[in-house]
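Open the model in your viewer and keep the selection panel at hand. The stops below go from the whole assembly to single residues.

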Protein chains: 2
Amino acid sequence: MMEGKRITDLLETEIPVVQAGMAGGVTTPELVAAVSEAGAFGTIGAGYMSAEDMKESIREVKKRTSKPFGVNLFVPEEPEASLEDRERAAEALRPYREELGMDDGDAPEVPDVFLEQVEGVLAETVPVVSFTFGIPPKEVIQSLKQAGMTVIGTATTVEEAVQNEEAGMDAVVAQGAEAGGHRGTFDTTFDKAMIGSMSLLPQVADHVSIPIIAAGGIMDRRGVDAAFVLGAEGVQLGTAFLTTRESGAQAVHKEAVLHAGEADTVVTKAFSGKPARGIENRFTREMEGRNVLDYPLQNALTKPIRKEAGRQQNTDFLSLWSGQSPRLSQDMTVAELIRSLVGPWE
Amino acid sequence: MMEGKRITDLLETEIPVVQAGMAGGVTTPELVAAVSEAGAFGTIGAGYMSAEDMKESIREVKKRTSKPFGVNLFVPEEPEASLEDRERAAEALRPYREELGMDDGDAPEVPDVFLEQVEGVLAETVPVVSFTFGIPPKEVIQSLKQAGMTVIGTATTVEEAVQNEEAGMDAVVAQGAEAGGHRGTFDTTFDKAMIGSMSLLPQVADHVSIPIIAAGGIMDRRGVDAAFVLGAEGVQLGTAFLTTRESGAQAVHKEAVLHAGEADTVVTKAFSGKPARGIENRFTREMEGRNVLDYPLQNALTKPIRKEAGRQQNTDFLSLWSGQSPRLSQDMTVAELIRSLVGPWE
């Protein structure tokens, strides 16, 4: 496993496979611990968590495994939106609230928890912290590295990868256009940064010297091997872990992924205000082309709707995140998945 | 080279590398012959050619090489457009015609040359015919196969690949979203069929038994190896051949590709009416979101503009087709390129 040597040294794990830090309840302590126990690298998707919930989650993982794992955080943004924009965005969602039998909601709050989260990971001494949506402030990177932690960034273009290396990241996730969930793009417009992994990986590999973790479309051994020959030293899988038994994704979400085809996903801003790839449903279709607030404002607006839709098992209004390879998804345990990814190496 | 055995048997060539049948003057007899002479498989991009020009081109290639090569044809469509639509589309282009100092043009004709082209390849006995934009009528496939020719289709989704196999194609090009030039999509909407190669190849491989030729983002040995591990048995490269010395692409087009980055391309319908990937320029920016006619009507409308822009070396109005890996493009000979793709195999 020569290819993954720098990554396994960095993550102090046996297998250069990272479970993506999917936010929104997927990365339960059971999932994260099972991944690390199986010799790969589990990640708590803490993007939407309060610092307290994140710390509790870290402690729960530690109860279940002594192996290393990571925490993924969202680098915050502070978008502006006029009262009129906010009202219009809320108005667009009113029919769905009514259909789900929900009361008119209060204007949601969007607390900035990032620095508290950073303090939390420092307090709980998590070995690896990864970032999405940008590069954190210099002081954050410094304090984490001074505490002996490994830091990993996310890039969707060559330039973003270079910026991550220059900021001192120990490794960078190169997120191809195939990837499910949110796009990590931060340096250019989102549509410009939809680069397929076949193109992204070798071009990034030619421009950075830190190890690259490939993300996007990788579901089985074929994807792992392809990522390595394209210049990656590790791989990050989201959708493949989402349908495992240990994943906290809702049953209706898992079912939707298990039955989807490669052409069933869309990239939509409707749920969160940031483009993300998921299975097309009524909400993504009806909201297409409509004005939505920037992240995280739109995310806060749709959160109660998604929560209620989940309670009602109504997939019309759920964010059914998935990459472009759902035909390769399987209903199996984390250990089985990881074994299938590394089998012939052993 | 076990992986490419079925493809090299099919194409009767040494190396499982196909030069894409780029239309519009790129695939000169010099280019096609040089590719086949070097042991790979050259293709005349005859999509826009009259049957006579195509036959002349075939004869010119045969003068230069005795090795096998192919012809790529566009499966025709007959779009409808009202007089009003046509006038509006022509009107949108008027400022560009004026800027280039062109007279008002006559309404362009769009002759359907497909059946004449088919008769032409039968008459000239070309060993391989490949198709883009759909599956040709049953009788066409039958007559080509009865003449001992190999037929190859193009797919951008699993379903399209399955349809190609069912139609009797001997192999199928799986065109990932990274690919430059026109999208081959014919069975679904174009935006649904933007599947990255990392996702497309293994999912297609699981659903067809004919050999798959991977296209999209492949520029060097890394891409070739990745395509093979993902389930392809051959590869097709367009952009990589476009910048070779022997290519007929205009010098300003080659220069634009050689200096572009991975995030500089867009998918635009502005040039031809069908989505195609090329380097963003003034024309793609200014025409974005504007109504254009369906292919091939829009193509006929913009053809004189592109021709004049080419004459003036004005890249503002040229279709600068390129895939998403232009950073990997090189100014070299066909023989050097092919050697770099296969080197360590020898």
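Start with both chains: chain B superposes on chain A by a rotation of 180° with 0.0 Å of shift along the axis (RMSD 0.0 Å), a fit made by least squares on the C-alpha atoms of residues with pLDDT of at least 70 in both. That is the relation of a two-fold axis. Select Ala226(B) next; in chain B its C-alpha is the nearest to the axis, at 2.2 Å.

This is a predicted model, in which local features need pLDDT of at least 70, side-chain atom pairs count only at pLDDT 80 or more, and totals for chains, interfaces and linings use all residues. Residues are numbered from 1 along each chain as its sequence is written, chains are lettered from A and ligands numbered from 1 in the order written, and side-chain values use heavy atoms, without hydrogens and water.

Now select Tyr295(A) and Pro296(A), which are joined by a cis peptide bond with omega of about 0°. Pro296(A) sits in the loop between α12 (282-286) and α13 (297-311) of chain A; helices are DSSP runs of H or I with at least four residues, strands are runs of E with at least two, and both are numbered from the N terminus. In chain B, a cis peptide bond joins Tyr295(B) and Pro296(B).

Most residues other than glycine have a negative phi, and most peptide bonds are trans.

Go to Phe133(B), where phi is positive, near 75°. Phe133(B) lies in the loop between β4 (128-132) and α6 (138-146) of chain B. Phe133(B) counts as buried because its relative accessibility is 4% (buried is under 20% relative accessible area, exposed over 50%, partly exposed in between; 1.4 Å probe, protein chains only).

Finish at Gln313(A), not a glycine, with a positive phi of about 55°. Its relative accessibility is 44%, so Gln313(A) counts as partly exposed.
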